[in-house]
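Got the model open in your viewer? Let's go through it stop by stop, selecting as we go.

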Amino acid sequence: MSIVSSSSNSINSEGVGNGGTGGGDGGSSDNSVQGRHTVIKKFSPHPYFDFDVPRNITTRVGQTAFINCRVEQIGDKWVSWIRKRDLHILSAGMVVYTSDERFQVTRSEKSDIWTMQIKFAQQRDSGAYECQVNTVPKMSMTFQLNIVEAKALILGPTDIYVKIGSAVTLTCIITQGPHDLGTIYWYRGTNIIKPTEAHPNETSVAYPPRISVDLKWTEALTSRLKILDAKLSDSGNYTCLPTSAEASSVMVHVLNEENPAAMQRGGTIAQHCTIAGRLHLLLLLALAVILFSRYRLPSWPSNS
């Protein structure tokens, strides 16, 4: 069990406090100060939970969810897992009591951690799960599991054309909350983008850095990738990859100053040519119909 001391006298059983192991009144004052508000683990045959484990777990749809329950000094007792929405006993010890083969209990030899594992997690698996120890009375600790189907979205078109030397800003958002969505990583091709962290006083590194990433959480998890003074080598496929959501990608094309205008003119000309060709075809068809109806051959008289 865990004991939180409020004075030195309350931990005399541990050999600390008035007199302590050092003896004398001089050591008593120091030990009293150190003993206050200190959590110490007292060895006993009674199990107790370790609360320093994640109790609000978020996992993406299709991934494996892990719920870890740590029980100290469990002795000859065991852990059972209960799904609270229907009070279904999922397991007792290492035995699983469900026909859903996605559920499995794991525990390493002599480990204090009992793990409920849910493979190919679905949104219906979200909810409260209880870790119980078969003491009298029973001990229990509740965990909240969130299975989310979050998708990242890079705002704007899927093909982005910029002039060389200009600034590029890619904004990626995930609007799945209020659960913990982890963080967002940016890739160009298969290479992760690592922004250069610079300080204004550092002269060896440009400030502000040419490539930077800004991550913040408001109504959504938002990450902004900023590229200053775009170079031709910055062209490529950019992917926003969250830790708990599907990725999103765009193509960035960095072009010379004269290319965007030429590309736009070429696109306009091609569009005009396509429209003109269709109109020309329609006029030819209309003319053929008129000529056929005006100059059609006379029908031959029947023999009857």
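At 35% relative accessibility, does Lys 84 count as buried, partly exposed or exposed? Lys 84 counts as partly exposed, because its value of 35% falls between the cut-offs: buried means under 20% relative accessible area, exposed over 50%, and partly exposed in between (1.4 Å probe, protein chains only). Before going on, some housekeeping: this is a predicted model, so local features need pLDDT of at least 70 and side-chain atom pairs count only at pLDDT 80 or more, while totals for chains, interfaces and linings use all residues. Residues are numbered from 1 along each chain as its sequence is written, and side-chain values use heavy atoms, with hydrogens and water left out.

**Stop 1: the Lys 84 salt bridge**

Keep Lys 84 selected and add Glu 130: the two form a salt bridge, with the closest N and O atoms 3.8 Å apart. The rule here is a side-chain nitrogen of Lys or Arg within 4 Å of a carboxyl oxygen of Asp or Glu. Lys 84 sits in the loop between β6 and β7 (88-92), Glu 130 is in strand β11, and the two are 46 residues apart. Strands and helices are DSSP runs (E, at least two residues, for strands; H or I, at least four, for helices), numbered from the N terminus. Glu 130, at 10% relative accessibility, counts as buried.

**Stop 2: β12 and its partners**

Now select β12 (139-148). Seven of its 10 residues are buried, leaving the strand mostly covered. Bring up β11 (127-133) as well: seven bridges join β11 to β12, and the two run antiparallel. Pairing here takes at least two DSSP bridges between two strands. β11 and β12 make a hairpin, with five residues between them. Next add strand β4 (residues 56-60), which pairs with β12 in the parallel sense over five bridges. Zoom in on Gln 144: Ala 128 stands opposite this residue, and Asn 56 has Gln 144 as its bridge partner too.

**Stop 3: the largest nonpolar core**

Which residues touch the most other members of the largest nonpolar core? Select Trp 81 and Phe 143, the two that do so among its 25 residues. A nonpolar core is a set of buried Ala, Val, Leu, Ile, Met, Phe, Trp, Tyr and Cys residues joined through side-chain atoms within 4.5 Å. β12 gives this core its largest share, five residues. Other strands that each supply at least two residues include β5 (65-72), β6 (79-83) and β10 (113-118).

Show the surroundings of Phe 143 next. Leaving aside residues up to four places away in sequence, its contacts include Trp 81, Ile 57, Ile 67, Cys 69, Tyr 129 and Cys 131; contact means heavy atoms within 4.5 Å. Apart from this core lies another one, of 23 residues, including Ala 150, Ile 160, Leu 221 and Leu 225.

**Stop 4: the five-stranded sheet**

Colour the strands β14-β21-β20-β16-β17, which form an open sheet in that order with mixed pairing. β14 (159-163) and β17 (191-192) are at the edges with a single partner strand each, so one side of each has no neighbour in the sheet.

Now pick out strand β20 (residues 236-242): five of its seven residues are buried, so the strand is largely enclosed by the rest of the structure. On one side, five bridges join β20 to strand β16 (residues 184-188), running antiparallel. Check the opposite pairs here: Tyr 187 faces Thr 239, and Arg 188 faces Tyr 238. β20 also pairs with strand β21 (residues 248-255), again antiparallel and over five bridges. There, Met 251 is the bridge partner of Asn 237, and the two strands form a hairpin with five residues between them.

**Stop 5: more salt bridges**

Select Arg 210 and Asp 234, whose side chains meet in a salt bridge (2.9 Å, N to O). Arg 210 lies in the loop between β17 and β18 (211-217) and Asp 234 in the loop between β19 (221-227) and β20, so the pair ties together parts 24 residues apart in sequence. Arg 210 is partly exposed at 26% relative accessibility, whereas Asp 234 is buried at 6%.

Then move to Lys 231 and Asp 229, another salt bridge (3.7 Å, N to O). Finish this stop with Asp 50, Arg 70 and Glu 72, which salt bridges with shared partners join into one network. The count of salt bridges comes to nine.
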